[in-house]
Amino acid sequence: MSDQPPSDGRPAGHKFSWQYVLSFDSLLSLLNSIGTLWIFALMVVICLDVIGRTAFNSPLPGVLELVRLSIVGIVFIQLGHTLRAGRITRADNLIHILQRRLPRFGYGMQALFELAGTGVFIVLFQASLPLFLRSWTTGEYAGIEGYITYPIWPVRLIILIGSACAGFQFLLFAWRDLGAVWSGLAPAAEQTESSEGLAYGAED
């Protein structure tokens, strides 16, 4: 029997763990699952709209506005998990070479990049917060009044949540890599990878 942890990231030999349920990893997994269900629901709506247009000359109302809002919402609700899973596009050949040959320098450089990423999402959060408050207080909507409308504040709330999660995940990466700078050793496998092959520390 394999000694690898279960695919959901919980400790091996444990069927249920409140520590995992209440962890940041479980939050990212939950948000990612919601995003996946959202994509599926959006596909169903689009298919029904196409069928309605072509077969009955009766499209579903408000599909265009719904798709526009959903694209933004889906990107941000899955952003933290995508970052944690190492699926954000990046050029890392040079930094991997540096991490093997000059570990302290390589991990230090990576930590600086990750701290910069944290800063970017802090700025994005601060810029998005007034927009969320405005849409919440004024009832801002997308669509055509009297026909069909969608409130904008839920999507802007998702932008805030996604930005906070991504910024915090960058900070966790930076903390891990600063530990590698201090020790001069690559982070332990338990810290750099989860059951999904998470994060930036994975070697080629």
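**Exercise 1. Confidence**

Over which residues, with 17 contacts beyond four places in sequence, does pLDDT stay under 50? Identify this stretch and any other of its kind, then say how they should be read.

Solution. The structure is a predicted model. Step one is the whole chain: pLDDT averages 83, and 80% of the residues score at least 70. Step two is the stretch asked for, which is residues 1–14, where pLDDT stays under 50. Step three is a further stretch, residues 189–204, where pLDDT also stays under 50 and the model has 41 contacts beyond four places in sequence. Step four is the reading: where pLDDT is low, the predicted coordinates should not be read in detail.

**Exercise 2. Overall layout**

List the elements of the protein chain in order from the N terminus, and describe burial and contacts in the chain.

Solution. Begin with the count: the chain has eight helices and two strands. Next, their order from the N terminus is α-α-α-α-α-α-β-β-α-α. For burial, 36% of the 204 residues are buried. For contacts, take those between residues at least 6 apart in sequence; 69% of them join residues at least 24 apart.

**Exercise 3. Length and surroundings of helix H3**

Check whether the end-to-end distance of H3 fits its number of residues, then find what its buried residues pack against.

Solution. H3 covers residues 63–77, which is 15 residues. At 1.5 Å a residue the expected span is 21 Å, and the end C-alpha atoms lie 20 Å apart, so the two values agree. Next, pick out the buried residues: Val-63, Glu-65, Leu-69, Ser-70, Gly-73, Ile-74, Phe-76 and Ile-77. To help in reading such a list, an α-helix has 3.6 residues a turn, so residues three or four places apart point the same way. Finally, the partners of these buried residues are helices H2, H4, H6 and H7, together with strands S1 and S2.

**Exercise 4. Packing against helix H7**

Work out how H3 and H6 are each oriented relative to H7.

Solution. Take H3 to begin with. The angle between H3 and H7 is about 20 degrees, and their axes are 8 Å apart. Angles under 35 degrees count as roughly parallel, so H3 is roughly parallel to H7. The crossing of H3 past H7 is left-handed. On the H3 side, Leu-69, Val-72, Gly-73, Phe-76 and Ile-77 take part, meeting Val-155, Ile-158, Ile-159, Gly-162 and Ser-163 of H7.

Now take H6. H6 and H7 pack at about 160 degrees, with axes 7 Å apart. The limit for roughly antiparallel is over 145 degrees, and therefore H6 and H7 are roughly antiparallel to each other. H6 also passes H7 in a left-handed crossing.

**Exercise 5. Two residues**

Are Ser-163 and Arg-134 buried, partly exposed or exposed? Give their contacts as well.

Solution. Ser-163 is in H7. Its relative accessibility is 1%, so Ser-163 counts as buried. Beyond four places in sequence, Ser-163 contacts Phe-76, Phe-121, Leu-124 and Phe-125. Its C-alpha atom is 9.2 Å from that of Thr-118, although 45 residues separate the two along the chain.

Arg-134 is in H6. At 43% relative accessibility, Arg-134 counts as partly exposed, because buried requires under 20% and exposed over 50%. Apart from residues up to four places away, Arg-134 touches Gly-139, Glu-140 and Arg-156. Ile-152 is 18 residues from Arg-134 in sequence, and their C-alpha atoms are 10.0 Å apart.

Definitions and conventions
Residues numbered from 1 in each chain as written. Predicted model: local features only at pLDDT ≥ 70, side-chain atom pairs only at ≥ 80, totals over all residues. Heavy atoms only, no water. Helix = DSSP H or I, 4+ residues; strand = E, 2+ residues; numbered from the N terminus. Expected span 1.5 Å × (residues − 1). Buried < 20%, exposed > 50% of the residue type's maximum accessible area, 1.4 Å probe, protein only. Contact = heavy atoms within 4.5 Å. pLDDT = per-residue confidence, 0-100. Axes fitted to C-alpha atoms, helices over the stretch in contact; angles between N-to-C directions. Parallel < 35°, antiparallel > 145°, perpendicular 65-115°, else oblique. Left-handed = near helix turned anticlockwise from the far one by under 90°.
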